[in-house]
Amino acid sequence: MCVAQTRQDELLTLLQNPATGNPLAFEGDAMIDTVTSERFAVRNGIPVILRKDDVFGWNRTQQRNYDLFSLVYDLIYTFNVWNVQQWLDEIAGIMEVESGDRVLETSVGTGQQIRNLYEHGVEGRFFGNDITYGQLNKCRKNIGKWGIDVGLVQGNAEALPFNDELFDVVFHIGSINVFNDKRTAIHEMIRVAKPGANLYVADESVKFKEQSTFFGPLMPEPEPGVYDPPIGLIPDGMFDVTTRDLWDGKFWMVSFRKP
Ligand SMILES: C[S@@+](CC[C@H](N)C(=O)[O-])C[C@H]1O[C@@H](n2cnc3c(N)ncnc32)[C@H](O)[C@@H]1O
């Protein structure tokens, strides 16, 4: 009898130890670095490819906040707060995904962007990473409820736990403004993308902070440029680099193609 491979099974074959670049193999109840034998736990089926010391600065603050926020995060989507559906429709309208493409969302959160693509008829093979276990665990439950097969891993977007050149589409929505190191996060997205892959990066503009009476005060004070599209961080040689406004200017998106 042939047992269908799930996206999570497939994900386990795609992982590397970000610190060494060595492949990881699933053994018993853990992921093991095939050269150094370093062990990474697997929690509720989700590999945790993070060392404690790897999470510091803004990434640690984000992780703490989102572990709490995961309890209510989906209400924004359920109740279409601020007409978030307009933004979701715009994102799905822009992203180019072929049927069967391997699609990675870095900072997948509770899976709402993947649900959105799926509901817009996108037939990708979906994968997601996030630094926050609370968000991923909510995502795991959501995808079960929604009937979407997604491979999930806990890891830092600045040190993705994936081998090189695996994905046809790589995207990130909603966190890069406050990453410790935006340039490295973009380089990581490019590293794991196949040649010819489409990449999309989006986050809040300063207009979102100024207009949002609830979230605005919680967002960091804008140092110069923090809420600007990181166009200067896209390496030379990428094709079709394009910047767009989304959601009446409350978000920006930068898209490009890997040569
Ligand atoms: C605003 S939510 C966006 C989630 C999802 N992309 C969406 O649009 O609904 C931001 C997410 O980024 C994650 N995050 C923050 N810093 C991260 C990092 N360095 N690496 C990976 N994920 C990170 C948070 O845990 C959180 O789930």
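Begin by selecting helix α6, residues 133–146, in this predicted model: the helix has 14 residues and reaches 20 Å from its first C-alpha to its last, close to the 20 Å expected at 1.5 Å a residue. Within α6, colour the buried residues, which are Gln135, Leu136, Asn137, Lys138, Cys139 and Ile143. To see what these buried residues of α6 pack against, add β4 (46–47), α2, β6 (125–130) and β7 (150–154) to the view. Then step just past the end of α6 to Gly147, which takes a positive phi of about 75°.

From α6, move to one of its packing partners, α2, which covers residues 57–69. The end C-alpha atoms of α2 are 18 Å apart, and this agrees with the 18 Å that its 13 residues should span at 1.5 Å a residue. Which residues of α2 are buried? Select Asn59, Gln62, Gln63 and Tyr66, for these are the buried residues of the helix. Looking down the axis of α2, you will find that its buried residues fall within an arc of 100°, so they line one face of the helix. An α-helix has 3.6 residues a turn, so residues three or four places apart point the same way. The buried residues of α2 pack against α6, whereas the face turned away from the buried side carries the exposed residues Gly57 and Leu68.

Keep α2 in view and display the ligand together with the 19 residues around it, of which Gly109, Thr132, Ala157, Gly174 and Ser175 come nearest. The elements that give two or more residues to this shell are α2 and α5 (112–119), and the largest share, three residues, comes from α2. If you colour the shell around the ligand by residue class, its members divide into six nonpolar, 11 polar and two charged.

For the last stop, select Gly249, whose place is in the loop between β10 (239–246) and β11 (251–257). Is Gly249 buried or exposed? Gly249 counts as exposed because it has 12 C-beta neighbours inside 10 Å, and a residue is exposed if that number is 12 or fewer. Leaving aside its neighbours within four places in sequence, Gly249 is in contact with Ser205 and Lys207, so add these two residues to the selection to show the contacts of the loop position. To relate this stop to an earlier one, draw a C-alpha to C-alpha distance between Gly249 and Gly147, which are 102 residues apart in sequence and 33 Å apart in space.

Terms used:
Residues are numbered from 1 along each chain as its sequence is written. This is a predicted model: local features need pLDDT of at least 70, side-chain atom pairs count only at pLDDT 80 or more; totals for chains, interfaces and linings use all residues. A residue is near a molecule or strand if its C-beta atom, placed from the backbone, lies within 6 Å of it. Helices (H or I, at least four residues) and strands (E, at least two) are DSSP runs, numbered from the N terminus. Ala, Val, Leu, Ile, Met, Phe, Trp, Tyr, Cys and Pro count as nonpolar, Asp, Glu, Lys and Arg as charged, and the others, Gly among them, as polar. A residue is buried if 20 or more other C-beta atoms lie within 10 Å of its own, exposed if 12 or fewer, and partly exposed in between; C-beta atoms are placed from the backbone. Two residues are in contact if their C-beta atoms, placed from the backbone, lie within 7 Å. The expected span of a helix is 1.5 Å times one less than its number of residues. The arc is that of the directions from the helix axis to the C-beta atoms.
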